[in-house]
Amino acid sequence: MKRKTTAIWQGNGAEGKGSLTSTSECLTKPHTHPQQRFKNEDGREGTNPEELIAAAHSGCFAMALSYALTGAGFTVTELKVEAAVSIEKIVDHFEITGINLDLTGKVPGITEEKFLELAGAAKVNCPVSRALRSVI
């Protein structure tokens with residue numbers, strides 16, 4: 001299985017503009033230029049690669065946990081995962097330094113201990129978590 005996206009950038013770094021598209025057509029906002037990428041904390045000026053990594057990680061983790069809970073005999077009412085990607089300037093370049101996943105769930109009949117056990121395993125084993133091992 002392969003998934004495909006396309007990034008197009010036009011112009012120089014500071015004044016250029018870009019777009020991201022995907023086969024599923026889920027990407028609709030413009031791709032921001034570097035100045036806005038690092039100065040626009042509210043994220044309303046357009047998307048950036050870090051936001052897309054956060055979306056991929058939270059989505060993958062939620063699905064992996066849902067499968068794990070269902071496999072353990074539980075019915076999931078809702079899982080909400082917020083992902084925050086931290087990026088810092090390290091000497092002369094920017095680097096992703098961490099990803100925090102904040103999870104809340106509604107799963108009738110499960111103990112907190114079992115929920116945390118299954119969530120921990122899902123976080124370690126979802127494909128995006130495995131790809132991002134150096135920062136989680």
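The expected span of a helix is taken as 1.5 Å times one less than its number of residues. In this predicted model, helix α3, which runs over residues 112-125 and holds 14 residues, reaches 20 Å from its first C-alpha to its last, close to the 20 Å expected.

The residues of α3 that are buried are F115, L118, A119 and A122. Because these residues cover an arc of only 105 degrees around the axis, they fall on the same side of α3. On the other side of the helix, E113, L116 and V124 are exposed, while the cover over the buried residues includes α2 (49-71), β4 (78-90) and β5 (93-106).

Helix α3 also carries a pair of charged residues, E117 and K114, which lie three residues apart, about one turn of the helix. Their side chains meet in a salt bridge, with 3.4 Å from N to O. Both ends of this pair are partly exposed, E117 with a relative accessible area of 47% and K114 with one of 28%.

The count of salt bridges comes to two, and another pairing joins K80 to E82, whose closest N and O atoms are 3.4 Å apart. Here too the partners are partly exposed, K80 at 45% relative accessible area and E82 at 43% relative accessibility. In general, side chains of opposite charge can pair when their charged atoms come close.

A last contact involves S129, which is placed in helix α4 (residues 127-131). S129 counts as buried because its relative accessibility is 1%, under the 20% cut-off, and its side chain reaches the backbone oxygen of K123 at 2.5 Å.

Terms used: Residues numbered from 1 in each chain as written. Predicted model: local features only at pLDDT ≥ 70, side-chain atom pairs only at ≥ 80, totals over all residues. Heavy atoms only, no water. Helix = DSSP H or I, 4+ residues; strand = E, 2+ residues; numbered from the N terminus. Buried < 20%, exposed > 50% of the residue type's maximum accessible area, 1.4 Å probe, protein only. Arc of directions from axis to C-beta. Contact = heavy atoms within 4.5 Å. Polar contact = N/O pair within 3.5 Å; in protein donor to acceptor, adjacent residues only side chain to side chain. Salt bridge = Lys/Arg side-chain N within 4 Å of Asp/Glu carboxyl O.
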